[in-house]
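Below is a short note on the model, set out as numbered points.

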Amino acid sequence: MSNEKNGIIKLQSVDFLRKTMGDYFNRLKDATETKNKKIAWCTSVGPAELLYSMGFEVYFPENHGAMIGASKMADKYIPSAVALGYSPDICSYLTSDIGAFLQNETPLQKSGFKSVPKPDVLVYNTNQCHEVGDWFSFYARHFNVPIFGINTPLWINELTPSIVNSVVSQFKNLVPELEKVTGQKFNIEKFRETVALSHDGCVLWRKVLETAIHKPSPINFFDATIHMGPIVVMRGTQYAVDYYKVLLAELQDRIKNGISAVPSEKLRIYWDGMPLWYKLSSMAKLFSNLDTCIVASTYCNSWIFDDLNPEDPFGSSALAYCKLFIVRSDAEKQKVLEKLMVDFSIDGIIYHDAKTCGRNSNNRFGLPTRLNNQNNIPYLEINGDLCDSRCYSEEQSIIAIETFVKQLLSRK
Amino acid sequence: MYKIGIDLGSSYTKGVLIDDNHKIVDYYLTRTGFDFQKAANKIIDKFSPNNKILFPVYTCGYGRDELKIPFVANSEIMALSKAVFAIYKKKCSVIDIGGQDTKYIKINDLGQVDKFKMNRKCAAGTGSFIEELAFRMDVSPLEFSNYAKQATEEVRINSYCTVFAISEIIGMVKKGATLPNIIMGIYNSVIARSIELSPIEDFLVLTGGIPANHSFMIKLFQKKFVNCESPENSQFLAAWGCVLLNS
């Protein structure tokens, strides 16, 4: 049977991905129904390793927000959160997630859930933004469960020992609080094992993304946003490691056999910012038809935590989560982008200015101009949003993207 | 034999008839409405009785892919750039103000697009902003320039939003602002939105339906940018550029 649809060649690993993600949700469902394990809610770049090592099943509301966005239901849910006093200008993961909760709906109902899994504890990290604290506080109030946060400073320029040490202390301070929730003693060896698995998973994820260095690339941004699921929600587990071994092998086979993500790759684009979850499929088709492959992105690279080290699980966790792209100053971000442009042979950059996610929109403080002055790689800015499709003008954006491709081709 | 270029824009469809020397010999403008093919037919019907037309037609704009007749679709930004460079033959910046979009384009010495930027998802700074305010003030947009000439002082309109701009204008009327001064404020608001797309460092070319129909706005641009021109019939340039791109 053909694996090609609308010029997009599906990765065969997607079946294993579905199973891996399905099993993950089944474990959450099982914990909800049998109460055999405690459930922690965690931010997507939060202390997942610590939570897994202490025996929690871990649920990620941001993953849920992305599912709502991808199922094109956010516009139905957001107004309920807005009516409750949550501004339409704040994170649309937050407003769509809370809105869905208020309407007693979730994409997880298709997987047999009655509602989202009830938390026993909520743990966030402000390394990506401060809105996650407000988001989780809604549920802490609703479920009357404890909430703990790691307050990482935003806009880290030089990553000094004092910043890392502060986060180490906060990680350690979580332990006795989480012990109260689980009723179990923390086991440092178990934490080391989990950090080691997370490291291995992240290294594999890096290798997966770096297959796109090859010309033509065997994977594009739209594949990666789907296949990143396990590194987001199962970081620190064997499941993620097992999945990325399979995916990496398939991509390496693709390279050997000359199979590319975009059948006739002529241009290689870097995507900065969030995906437009409700437009993944149509955008994948648009770029494929334009013989253009989005080979690298800030977003998918954000789940590479290869500083994790089992010999120093607290210190390396703090370091890895403070090094995260989104938490850095523009000067540090520019250094990262400069390297990626060279490594991935980038012809042009698209900055997605997401209306409700300033932290993940890196075009707002002159970075595109400065980077362009440095490397002369053309760029395009498009306005949209991660979940709220009302912020996106599709026709205008298509015209801009088509023109950008012609602009880049004229330079070839 | 003649070729036809058609710019199927959000508000208006612009058509040009091009001879073998790539010169515009006729042009026609009609409202786009809901049916792109119908709008294109009006252009073709206008030109075809007296001229032998060579198909396909060359299109750009929002309806560029929507015709049921043979066509070659183009990017309006590339088409406009081609036309502007054909006229001036030097590097320049272009500000194109249309019904729904305002665009900034930087063209290099070779006539290539170095950079472009479009307005955000917002009507402020576009023709729709002017049309909506004109409707609410019950003044024809085509009379705007004549009123603006009579302005005695600038009234500043700060709102980004068309609806709130109306509220702001109502407040000004209450305080005794005159119609010419308000229209001057509207013009300056559109100019402010368009020049924030990018720094303008070189020769500036104004194009699109708004400069073409609001001559006084061109004068206001020229006060800010000494090296600034707007070619005649500039709303037809993208349609012409479609043909040039394929010649």
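1. Helices (H or I, at least four residues) and strands (E, at least two) are DSSP runs, numbered from the N terminus. Chain B has nine helices and 10 strands. The radius of gyration of chain B, taken over C-alpha atoms, is 18 Å, close to the 18 Å from the globule rule (2.2 Å times the number of residues to the power 0.38) for 247 residues, so chain B is as compact as a globular protein of that length.

2. This is a predicted model: local features need pLDDT of at least 70, side-chain atom pairs count only at pLDDT 80 or more, and totals for chains, interfaces and linings use all residues. Residues are numbered from 1 along each chain as its sequence is written, with chains lettered from A and ligands numbered from 1 in the order in which they are written.

3. Along the principal axes, the C-alpha atoms of chain B fill a box of roughly 60 × 40 × 30 Å. Of the 247 residues in chain B, 45% are buried (20 or more other C-beta atoms within 10 Å of the residue's own; exposed is 12 or fewer, partly exposed in between; C-beta atoms are placed from the backbone).

4. The largest nonpolar core (buried Ala, Val, Leu, Ile, Met, Phe, Trp, Tyr and Cys residues joined through C-beta atoms within 7 Å) has 128 residues. Ala40(A), Leu51(A), Val58(A) and Trp205(A) have the most contacts inside it. Helix 8 (residues 188–210) of chain A gives the most to this core, with eight residues. Domain 1 (4–186) and domain 2 (190–411) of chain A, with bounds from an automatic or database domain assignment, both contribute residues, so the core lies between them.
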